[in-house]
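Student: Could we go through this structure slowly, asking each time what a term rests on?

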Amino acid sequence: MNLTAGNDENGDLTCVNLLTCHFSPVPGSSNAAINELIGGARQAELLARSFQKNARLGSAYFISDVEVVSDVLKTIRALRPSESELTLAVIRQFVEFFQFHADRGKYVVCDPDVLLVRAGIEQVFDDSFDIAITRRDDRRMPYNSGVVFVNDHSSDCGQRFYRLQDEIITELFSKEAGWFGDQLVLTEIIEKRSTQVSNDVYDCDGLRIKILDAAKYNFSPNRDHPYLLPPPRGVVLYHFKGRCRTYMDDFFQFFVERRFKGIVRLVWLPLRFVVNEWRRKSVKPLFSSVEERVMPSDRK
Ligand SMILES: [Mn+2]
């Protein structure tokens with residue numbers, strides 16, 4: 001049988017599954033202010049719908065402490081962890097998910113503040129790897145946990161990858177278990193615990209980890225500012241992050257669903273931009289005052 005791009009071993013069209021997680025932010029925090037403008041469940045819903053639009057979506061799972069009514073998300077309820085171990089708790093939820101809940105298949109594990117803005121994500125899985133993560137041009141924080149591809153070549157690779165992160169954070173980065181631990185642990189895995197197999201492939205104790213270009217698969221706009229402009233050419237996954245998330249809903253309507261056409265679009269888009277700018281500015285004071293957003297090496 002001839003295998004072409006996007007087919008699995010049996011020649012069937014490849015489906016991708018989605019896994020995301022969000023816990024309610026602490027009242028009064030910067031994330032709580034964002035949450036009032038766009039809640040975690042709404043972000044996850046838009047993420048899943050962007051996959052429905054631009055990919056062959058199998059299942060979309062959402063781990064959360066909030067009740068969700070959605071026809072695209074399968075929700076797994078969890079208790080909200082303490083702020084000091086938020087990152088670690090999410091990683092442990094993923095360990096448990098791949099241990100007990102996951103159907104076999106290919107997974108994109110995403111932050112909820114991500115949208116799939118272009119077709120072609122299935123092709124990532126044509127390559128042979130267990131895990132794929134993205135790297136960007138940033139010497140201190142090159143790896144971001146917001147987009148992870150888990151392949152199903154060996155069915156336990158998702159569980160192994162997240163269990164390894166749990167072990168390393170517990171051992172080395174317990175102070176960052178609430179924030180940044182996810183980024184530090186990925187740098188540790190790639191730079192200290194893996195051998196480089198080729199330009200973009202590493203081997204960590206038998207786990208084959210591929211590095212993808214963040215500009216394509218984990219794009220975030222300059223200075224957290226999307227301006228309600230279409231995603232740049234070539235971007236597949238658009239990561240909102242920070243105050244940028246206030247744009248996510250309109251961004252979905254205009255550039256994923258392409259809901260408004262012609263004159264309505266010409267008039268409506270700039271108006272929505274003004275609204276989004278206002279919302280983005282309204283959360284600025286909280287964002288600039290939050291200590292947890294300071295990188296560990298910058299702390300006194
Ligand atoms: Mn994010």
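Student: Why does Asp 113 count as buried or exposed?

Tutor: This is a predicted model, in which local features need pLDDT of at least 70 and side-chain atom pairs count only at pLDDT 80 or more, while totals for chains, interfaces and linings use all residues. Residues are numbered from 1 along each chain as its sequence is written, and side-chain values use heavy atoms, with hydrogens and water left out. Buried means under 20% relative accessible area, exposed over 50%, and partly exposed in between, with a 1.4 Å probe and protein chains only. Asp 113 has 6% relative accessibility, so it counts as buried.

Student: What makes Asp 111 partly exposed?

Tutor: The relative accessible area of Asp 111 is 26%, and therefore it is partly exposed.

Student: Which residues are the protein donors of the manganese ion, and how do you know that?

Tutor: Donors are N, O and S atoms within 2.8 Å of the metal (3.2 Å for Na, K and Ca), and because water is not among the atoms, sites may look incomplete. Here Asp 111 (OD), Asp 113 (OD), Asp 113 (OD) and His 239 (NE2) lie 2.3 to 2.5 Å from the manganese ion. Along the sequence, the spacing of these donor residues is D-x1-D-x125-H.

Student: What makes a set of residues a nonpolar core?

Tutor: The set must consist of buried Ala, Val, Leu, Ile, Met, Phe, Trp, Tyr and Cys residues joined through side-chain atoms within 4.5 Å. The largest such core has 41 residues, and Leu 19 and Val 109 are among those with the most contacts inside it. A second, separate core has 28 residues, including Phe 51 and Leu 116.
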